[in-house]
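Grab a pencil and work through these exercises with the model open beside you. Each one sets a task and then walks through a solution.

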Amino acid sequence: MFSLQGTGVGSGIAIGPAYVIQQSVTAAAMRRVEEDQIDQEIERLEAALKTTSERLAKTRGDVPDNAPKEIAAFLDAHIMMVDDPTLRDATVEIIQDHQFSAESALIMHRNQLAEIFENMEDEYLRSKKDDVDQVIQQILQQLVFSDDGEQNELNDSLDGCILVAHDLTPADTVHFMGMNMSAFVTNLGSPISHVAILAGSLKIPAVVGLHGAVRHIAHGTNVAVDARTGEVIVDPDEETLKILYARREEYERHQSELLALKDLDAVTRDGEKVTLLANVELPEDIEHALNSGAVGVGLYRTEYLFMNRVQLPTEEEQFEAYKEVVKSLEQVTIRTLDLGADKQVDGGRKQGNVAINPALGLRAVRFCLRSVDIFRTQLRAIYRASAFGEVQCLIPMLSNLDEIKQVTALIDEVKRDLDSENVVYDPTVKIGGMIEVPAAAITADQFAQALDFLSVGTNDLIQYTLAIDRVDDDVNYLYDPLHSSILRLIKNVLDAGTKYDIPVSLCGEMASDSRYTRLLLGMGLRIFSMDPGAIPEVKQIIRQSDVFSTLDYVDKIMTCPDSARRLDWLSHLNVAEVSVLQTARVQS
Ligand code: PEP
Ligand code: MG
């Protein structure tokens, strides 16, 4: 028995046999062939291209009607790439010129393409390199494994299994929709990658970013996956299994208890009303949001519509996606595109050269103001959707007030265009800003006067304030939402909202971590936006809290310079509230 640590996504605990699929073969050794073998290599390449294309087409045909539309689009794009004659011709040329095997030539061609894509000026086109990687990976799988049949094919036998893979492609996700796997573990991936989205929509536990998972976990071994802790226990012994089954039972019991809170108000014992909103990535997440008792959407991350595809989504496509969400919930805050840095088309996984300091580069509103056509199309789609329900427009990564002026000027232009085309929209859509750059948090009073509402993005605020890359595992240990600098910045934003009488929400991961709920309430936060799965638990804590009685502890946490002491005070705050509640129960 041994345990591995990655990043937990999705929810719950699963125990079952590992189903390991082959590791990435893009690093396969380069192999030269004899001159008389060149024709044979070209035939191997052509056969692999044909089989890959046929398999993708079959997968495309199997896409269930209820699958997110993006999946069919991913597959169409991949089929087009495999069938593109220039892919075949360029690879054949390398086989002939260098006497390379088909797979070596394909890897060489992949590297040439990667270099071209990486040097592209346009951020969006640059990110297409990842699609090329995924397609070539699939052809390589054919070349490397089809001859000896060693590959563990994805088939219908995933029932109850824990899938272990280097990474999962969009084509894989289609297979999984109809299969009953109980969890998955991947070498790559971050909490915001498409594999993490898959875990969320399949409502299963998963652990991503577990480097070496494929190497360390043998096919068929019994494995336990805990989404909450990000722990993967390989070959657990009897004693551990007993603990895991008990933990799973407890988790399931707690989940069904929490479901009973769905229709109850999020109100504290001393009468403070709290708004609980959902963070969504795709229209398919609405159902999850509604089932969790969210009263609206506080963060619609629209960049997911733009990922893993060759063509940009059209205005019409965006409009339909936004409209679907807007029609389903009372209030929907649509965030404009936050592409770039950790949110590349594959959700942050990078190979090869990347921009220098991408997190400090041309991302989010900076990218949008540079790519005005893309931005204008999105704003038109958002404003058109506003005719179907209450929409708020949220601008990510603002760092100065000039950006707000530029965005509002563009919005005015979009409104004029819509007026002249007689298109209906809501002219009173509120414009808000994400406060996730320290500069904006420090000058929150100025932002509060220039905007209709603010939303604190603690994921980026912590990254930028503490100088820790949010996708770099090596500096994860420095991630500290309780750091005095972070608490002071959040408080500064909340106070600015109060002073200028505008709503302030918090939509980073800190909102969904129930350890911080009482602290944030005590600091003055009343609008929380989070992964729908976290809403019931946070609601339960809110309903058990008495804000007034926590203020002393909150003050202690806010002013304590020592990190260990701050954690102590946080436990005191959470425990004190529980014991007050127990006393109240005993007395009643
Ligand atoms: C954040 O930065 O806290 C946030 C909510 O935005 P994202 O995680 O999408 O960057
Ligand atoms: Mg952010």
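Which helix gives the most to the lining of the largest cavity, and with how many residues? Hold that thought while we set the ground rules. This is a predicted model, in which local features need pLDDT of at least 70 and side-chain atom pairs count only at pLDDT 80 or more, while totals for chains, interfaces and linings use all residues. Residues are numbered from 1 along each chain as its sequence is written, chains are lettered from A and ligands numbered from 1 in the order in which they are written, and side-chain values use heavy atoms, with hydrogens and water left out.

**Exercise 1. Find the largest cavity and describe its lining.**

Step 1. Start with the idea: rolling a probe the size of a water molecule over the atoms shows where empty space is left. Here, a cavity is a set of points, on a 1 Å grid over the protein atoms alone, where a 1.4 Å probe fits but cannot get out; lining residues have an atom within 4 Å of a point. Points are joined across faces, edges and corners, and a volume is the space filled by probe spheres set on them.

Step 2. Counting this way gives two cavities of 30 Å³ or more. The largest cavity has a volume of about 70 Å³. It is lined by 15 residues, and R301, R335, M434, E436 and N459 are the closest to its centre.

Step 3. Now the opening question: α18 gives the most to this lining, with three residues. Both β10 (297–301) and α18 (458–466) supply at least two residues each. Helices (H or I, at least four residues) and strands (E, at least two) are DSSP runs, numbered from the N terminus.

Step 4. Sort the lining by class: three residues are nonpolar, four polar and eight charged. The bins are Ala, Val, Leu, Ile, Met, Phe, Trp, Tyr, Cys and Pro for nonpolar, Asp, Glu, Lys and Arg for charged, and the others, Gly among them, for polar.

**Exercise 2. Sum up the chain, and say where to be wary.**

Step 1. Count the elements: the chain has 23 helices and 16 strands.

Step 2. Check burial: 55% of the 588 residues are buried. Buried means under 20% relative accessible area, exposed over 50%, and partly exposed in between (1.4 Å probe, protein chains only).

Step 3. Look at the contacts (heavy atoms within 4.5 Å). Of those between residues at least 6 apart in sequence, 70% join residues at least 24 apart.

Step 4. Turn to pLDDT, the predictor's confidence in each residue, from 0 to 100. The chain averages 86, and 86% of the residues score at least 70. Residues 25–29 fall below 50, and this stretch has twelve contacts beyond near neighbours in sequence. Residues 147–156 are also below 50, with 22 such contacts in the model.

**Exercise 3. Is V164 buried or exposed, and what does it touch?**

Step 1. Place V164: strand β4 (residues 162–165) holds it.

Step 2. V164 counts as buried because its relative accessibility is 0%.

Step 3. Leave out residues up to four places away in sequence, and V164 touches A18, Y19, V20, I21, V185, A213, V214 and I217. Take I21 from that list: V164 and I21 are 143 residues apart in sequence, yet 6.3 Å apart in space, C-alpha to C-alpha.

**Exercise 4. Do the same for Q392 and G508.**

Step 1. Q392 sits in strand β12 (residues 390–395) and is buried, at 9% relative accessibility. Beyond four places in sequence, its contacts are Q331, V332, T333, I334, V429, K430 and F453.

Step 2. G508 is in the loop between β15 (504–506) and α20 (517–523), and at 3% relative accessibility G508 is buried too. With the same neighbours within four places set aside, G508 contacts V456, G457, T458, N459 and S529.

**Exercise 5. What sign does phi have in D235 and N422?**

Step 1. Recall the background: most residues other than glycine have a negative phi.

Step 2. D235 has a positive phi, near 55°. D235 lies in the loop between β8 (231–234) and α10 (238–259) and is partly exposed, at 43% relative accessible area.

Step 3. N422 also has a positive phi, of about 55°. N422 belongs to the loop between α15 (401–420) and β13 (430–435), and counts as exposed because its relative accessible area is 70%.

Terms used: 1 Å grid on protein atoms, 1.4 Å probe; cavity = no way out; pocket = protein on both sides within 12 Å on 5 of 7 lines; lining within 4 Å.
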